[in-house]
Amino acid sequence: GGEGPPLILVHGLGGAAANWMELVPLLIKRHRLLVPDLPGHGGSTALPAVAGLEPFADRVALVAEREGLLPAPVVGHSLGGMIVLRMALRRPEDVPAIVLAAAAGLSIGNVWGRNLLSVFSTIRPGRLAARYRGRVSRSPLLRRFVFGFVSVADPVGLTDQAVEGFLAAQLLHTDLDSAWQALRADDPREELEAVRCPVLVLWGAEDAQLPLDDAFEYTRRLRARLRVIPGCGHLLIGERPDACNRAIEEFLGGGGLEGHPRDQ
């Protein structure tokens, strides 16, 4: 929906289009938005077989193409950041700019990161939280329990709408494991130099899931711009949508695109 220059938003592992519930009302004032559920997530059917993240990137690009939105900048959160990178590598003519919001792909190589995501993708505690999301919204204690370990800097500060957006679709997922296995097998380091479009790296200062060192490494390797948002963690798109919106609009509005070293 919306009118104006196109923009595509891609959610993360175990997420859904509803994850962008707080940010969409801000971005839609100036953009025509496409906000899909990834395959196996939310209302989207799973892919028949995947060997990497390329099929996820191709599916997003296909939907965008059918909606007449390409070329378009793409914003990716967490796993979505890796999918956005794959889109930029596979279809550079269709992706003029990308925003990596707490992008996965670097820290998952360590043992702690792999084990944590394996547990979450197998047990899927979010599904239980989703069944009782009304109680989670009303209880500061439950908010801290559900969001406070690795996701959110201030769980009590989330709006009820953000809680709904992060939890509701958990009941609809049909195949998280394929996306997790594809992410686990994907190491983007050797290919980052091939990304030619301007890049904004957007990170929460208190991200306990993907450390700030990852943001610095992405910024260095991609020769990107970096914006670190204080007072929020890994789910920055719902924690500080106002700050995310400003950073994205400033980047797309010209300040981050003109005179970019990749264009020289």
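Which residues of strand E3 (residues 74–77) lie on one side and which on the other, and are they buried or exposed? To find out, select E3 in this predicted model and display its side chains: Val 74 and Gly 76 belong to one side, Val 75 and His 77 belong to the other, and all of them are buried, so that both faces of the strand are covered. In a regular strand, side chains alternate between the two faces of the sheet.

Next, keep E3 on screen and add strand E1 (residues 6–10), which runs parallel to E3 and is joined to it by three bridges. Within this pairing, centre the view on Leu 9, whose position is opposite Val 75 of E3.

Then add strand E4 (residues 98–101), with which E3 also pairs in the parallel sense, here over four bridges; the contact to pick out is that between Val 74 and its bridge partner in E4, Ile 98. Adding helix H3 (residues 79–90) to the selection completes a β-α-β unit made of E3, H3 and E4, and this unit is right-handed.

For the last stop, move to the aromatic residues, where a search of the whole structure finds two pairs. One of them is formed by Trp 203 and Tyr 218, a tilted pair with 6.5 Å from centre to centre and 45° between the planes. The pair links distant parts of the chain, since Trp 203 sits in strand E5 (residues 199–204) and Tyr 218 in helix H10 (residues 212–222), 15 residues apart. Trp 203 counts as buried because its relative accessibility is 0%, and Tyr 218, likewise at 0% relative accessibility, therefore counts as buried.

Terms used
Residues are numbered from 1 along each chain as its sequence is written. This is a predicted model: local features need pLDDT of at least 70, side-chain atom pairs count only at pLDDT 80 or more; totals for chains, interfaces and linings use all residues. Side-chain values use heavy atoms; hydrogens and water are left out. Rings of Phe, Tyr and Trp (its six-membered ring) pair if their centres lie within 6.5 Å; planes under 30 degrees apart count as stacked, over 60 as edge-to-face and the rest as tilted. Helices (H or I, at least four residues) and strands (E, at least two) are DSSP runs, numbered from the N terminus. Buried means under 20% relative accessible area, exposed over 50%, partly exposed in between (1.4 Å probe, protein chains only). Two strands pair if DSSP finds at least two bridges between them. A crossover is right-handed if, with the strands pointing away from the viewer, the path from the first strand over the helix to the second runs clockwise.
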